[in-house]
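Dear colleague,

I am handing over the structure below for your files. My notes on what was found in it follow.

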Amino acid sequence: MKPADQKIYLASKSPRRRELLRQIGIDFELLLSEKEVDESVLPDESPLDYVARVTRDKLNSAQQTMILRQLPHRPILAADTTVVIDQLILGKPADHDEAVRMITRLSGRTHQVLTSIAVGLTIGVETEVWQITQQSDVSFAELGADAIAAYCNTLEPYDKAGAYGIQGLASMFVSNIVGSHSGIMGLPLFETAQLLQKAGVRIL
């Protein structure tokens, strides 16, 4: 199957994902559903299963929106990023104290960042979905209480899973990365390009 044109829909509010798609020259249009996807963790759900499921739910919601609005059928890209340590999923901190607890837990240790991406293409009654979950290991240096408090007094921790973004102030805490820098930002570009090509999008 091939899309009718080379534009895709991006089912994400993340400005970082928009920047990353522009970085590799992908023409896209935002497709945001009115109904928010439930991102609660299910009982006994592993972080890997969780991030993959939430991504599929976001894709399915966007596909339904495309059909209901009678929009042109194009490939839809959805993604979700989760920060994990000790098999515990770290969401977005609700307040200063929670941000301090998260960064303290990450201090001097290695954690995982999982980003799942899914691309769906609907032509007629047929829908095909491609999905990959990318994992990166991120090591933080040992941080003092003053540095953690100063960081958490900024606005940076409060809209990001795990209370940090690799592209912001917390980059000075990162001593080592094994994996994908763009994946840690929220969209692993190597894997994204692979999936878009499978959906018939010309990358270069």
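Does Asp86 count as buried, partly exposed or exposed, and at what relative accessibility? The model is a predicted one, and in it Asp86 counts as partly exposed, because its relative accessibility is 46%, while buried means under 20% and exposed means over 50%. Asp86 sits in the loop between β3 and β4 (88-90). Its backbone is worth a look: Asp86 is not a glycine, yet its phi is positive, at about 55°.

Gln70 is another residue with a positive phi of about 55° that is not a glycine. Its place is the loop that runs between α2 (47-68) and β3 (76-85). Gln70 has a relative accessibility of 72% and therefore counts as exposed.

Leu71 also lies in the loop between α2 and β3. With a relative accessible area of 23%, Leu71 is partly exposed; the cut-off for buried is under 20%, so Leu71 does not meet it. Apart from neighbours within four places in sequence, the contacts of Leu71 are Tyr9, Leu31 and Met66. From Leu71 to Gln134 the separation is 63 residues in sequence, and the C-alpha to C-alpha distance is 30 Å.

Now the overall fold. The protein has 6 helices and 7 strands. Their order along the sequence is β-α-β-α-β-β-α-β-β-α-β-α-α. Among contacts with a separation of 6 or more, 68% are between residues 24 or more positions apart.

On dimensions, the radius of gyration is 18 Å, which agrees with the value near 17 Å for a compact globule of 204 residues. Along the principal axes, the C-alpha atoms fill a box of roughly 55 × 35 × 30 Å.

As to burial and surface, 50% of the 204 residues count as buried. The accessible surface is about 10,200 Å², and carbon and sulfur atoms account for 51% of that area.

Last, the charges. There are 20 positive side chains and 25 negative ones. The centres of these two sets are 6 Å apart.

If you open the model, the loop between α2 and β3 is a convenient place to begin, since Gln70 and Leu71 are both found there.

Regards

Conventions. Residues are numbered from 1 along each chain as its sequence is written. This is a predicted model: local features need pLDDT of at least 70, side-chain atom pairs count only at pLDDT 80 or more; totals for chains, interfaces and linings use all residues. Side-chain values use heavy atoms; hydrogens and water are left out. Helices (H or I, at least four residues) and strands (E, at least two) are DSSP runs, numbered from the N terminus. The radius of gyration is taken over C-alpha atoms; the globule rule is 2.2 Å times the number of residues to the power 0.38. Buried means under 20% relative accessible area, exposed over 50%, partly exposed in between (1.4 Å probe, protein chains only). Contact means heavy atoms within 4.5 Å. Accessible areas come from the Shrake-Rupley method with a 1.4 Å probe; for residues, only the protein chains shown count as cover. Lys and Arg count as positive and Asp and Glu as negative; His and the chain ends are not counted. The place of a charge is taken as NZ of Lys, CZ of Arg, CG of Asp or CD of Glu.
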